[in-house]
Amino acid sequence: MVVLSYLQARQLLEARKDSQSLAKVSLDLNLTESEVRLQPENVLFPAGESLGWKSIEEINANETACYYVENDKAKAIKGFSEFSGRVYGLMGTESAPTMLISGIPMHRIKDTNPYQDTLNKIKAIKPVMGEVLDTTTGLGYTAIEAAKTARYVVTIEIDPTAQEIARLSPWSQALFDNPKIMQIIGDAFDEIKRFDAESFSAIIHDPPMFSLAGDLYSREFYQQAFRVLKRNGRIFHYIGDPESKSGARVTAGVIRRLQEAGFKRVTRAPQAFGVVAHKA
Ligand SMILES: C[S@@+](CC[C@H](N)C(=O)[O-])C[C@H]1O[C@@H](n2cnc3c(N)ncnc32)[C@H](O)[C@@H]1O
């Protein structure tokens, strides 16, 4: 499937301005490059689909959306979530795309990019081995990255709309294709209670901000995380910019509650905007 953001549309428009008949662009949001044919009426993609220049111009004009091509038409990758009452969409970057929820990016994009953001989270609890619980799937980047070294990854997403967006993103395909990743649609706060004690070697906890998902920052949730972790297991907990006023305040509360839940060696991981805690 061809997926384009304004960045590729811009490249195509520039190539047309330069009167090129062929151009190399990414048709999967920067994962690979393909050669496309620039024709007077449209762009012809390698699998035989095409897209008219008017559509390419429309994609170029919208910097916060991505589009897939179906039946020679561009369709925005977005959806309205009945669950949250918010609009979800995919937004291209120079690296991996992020998901916008009511305009708020799901990953860090300021001074970094969603892929580097993911690598920082994984690095914070390296090496990621054994059985991993990824509490909130999102676009699946942490689950996909963890699955490269883990035995398997269980990942939980509360919102089917978020999963639908992931299904259309080239960067999230391993979520659906990698047999080492098991997806659960449910509330991590409830689902975590279903796992046996000492089931996981590591937990990646990357919840929405505190104001949107307070229960995922509660002592009760941390007690469950502690219970399902094996001895010597650890959790990475994303929080947000520790330098910001709210980030600093939330971090202090998270550290206290993780300790109350039984975690030891609770340390800050400022590069990853979170903390790491151990089950001794
Ligand atoms: C910051 S994103 C996770 C990003 C993800 N780690 C990645 O690499 O793409 C948070 C996700 O948690 C989901 N979510 C919110 N509350 C949840 C809950 N209680 N249980 C499971 N998922 C939840 C949101 O729908 C959103 O997709």
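**Loops, sheets and a ligand site**

Proline 127 sits in the loop that connects α3 to β12 (131-134). In this predicted model, the peptide bond between lysine 126 and proline 127 is cis, with an omega of about -10 degrees. A second backbone feature worth a look is leucine 29, found in the loop between β2 (22-25) and β3 (34-38). Although leucine 29 is not a glycine, its phi is positive, at about 55 degrees. Both features catch the eye because most residues other than glycine have a negative phi, and most peptide bonds are trans.

The loop of leucine 29 leads naturally to the sheet around it. Strands β2, β3, β4 and β5 follow one another in that order in an open sheet of four strands, with antiparallel pairing. At the edges stand β2 and β5 (50-52), each with a single partner strand, so one side of each has no neighbour in the sheet. From one strand to the next, the twist averages 30 degrees. Four bridges link β2 and β3 in the antiparallel sense, and lysine 24 has glutamate 35 of β3 as its bridge partner.

Two helices lie across this sheet. Helix α1, made of residues 6-17, lies across β2, β3 and β4 (42-44); its direction is at about 160 degrees to that of β2. Helix α2, spanning residues 53-61, lies across β3, β4 and β5 and runs at about 75 degrees to β5.

Further along the chain comes another open sheet, this one with seven strands and mixed pairing. Its strand order reads β14-β13-β12-β15-β16-β18-β17. Here the edges are taken by β14 (181-185) and β17 (264-269); each has a single partner strand, so one side of each is left without a neighbour in the sheet. Neighbouring strands are turned against each other by 15 degrees on average, direction ignored.

Within the seven-stranded sheet, strands β15 (residues 200-205) and β16 (residues 229-238) run parallel and are joined by five bridges. One pairing to pick out is that of phenylalanine 200, whose bridge partner in β16 is leucine 229. Helix α3, residues 114-124, lies across β15, β16, β17 and β18 (274-278). Relative to β16, helix α3 runs at about 150 degrees. The loop with proline 127 lies between this helix and β12.

Attention now turns to the ligand. A shell of 21 residues surrounds the ligand, and the closest are His107, Glu157, Asp187, Ala188 and Asp206. By residue class, the shell divides into nine nonpolar, eight polar and four charged residues. Helix α4 (141-147) and strand β13 (152-157) each contribute at least two residues to the shell, and β13 is also a member of the seven-stranded sheet, placed between β14 and β12.

Several polar contacts can be traced from oxygen atoms of the ligand. In the side chain of glutamate 157, an N or O atom lies 2.6 Å from a ligand oxygen. For histidine 107, the corresponding distance from a ligand oxygen to an N or O atom of the side chain is 2.8 Å. Glycine 140 takes part through its backbone, where a polar atom is 3.3 Å from an oxygen of the ligand. On its own, the ligand has 610 Å² of accessible area, and the protein covers 93% of it.

Notes
Residues are numbered from 1 along each chain as its sequence is written. This is a predicted model: local features need pLDDT of at least 70, side-chain atom pairs count only at pLDDT 80 or more; totals for chains, interfaces and linings use all residues. Side-chain values use heavy atoms; hydrogens and water are left out. A residue is near a molecule or strand if one of its heavy atoms lies within 4 Å of it. A polar contact is a pair of N or O atoms within 3.5 Å; within protein, one must be able to donate a hydrogen and the other to accept it, and residues adjacent in sequence count only if both atoms are side-chain atoms. Accessible areas come from the Shrake-Rupley method with a 1.4 Å probe; for residues, only the protein chains shown count as cover. Ala, Val, Leu, Ile, Met, Phe, Trp, Tyr, Cys and Pro count as nonpolar, Asp, Glu, Lys and Arg as charged, and the others, Gly among them, as polar. Two strands pair if DSSP finds at least two bridges between them. Axes are lines fitted to C-alpha atoms, for helices over the stretch in contact, and angles run from 0 to 180 degrees between N-to-C directions. Contact means heavy atoms within 4.5 Å.
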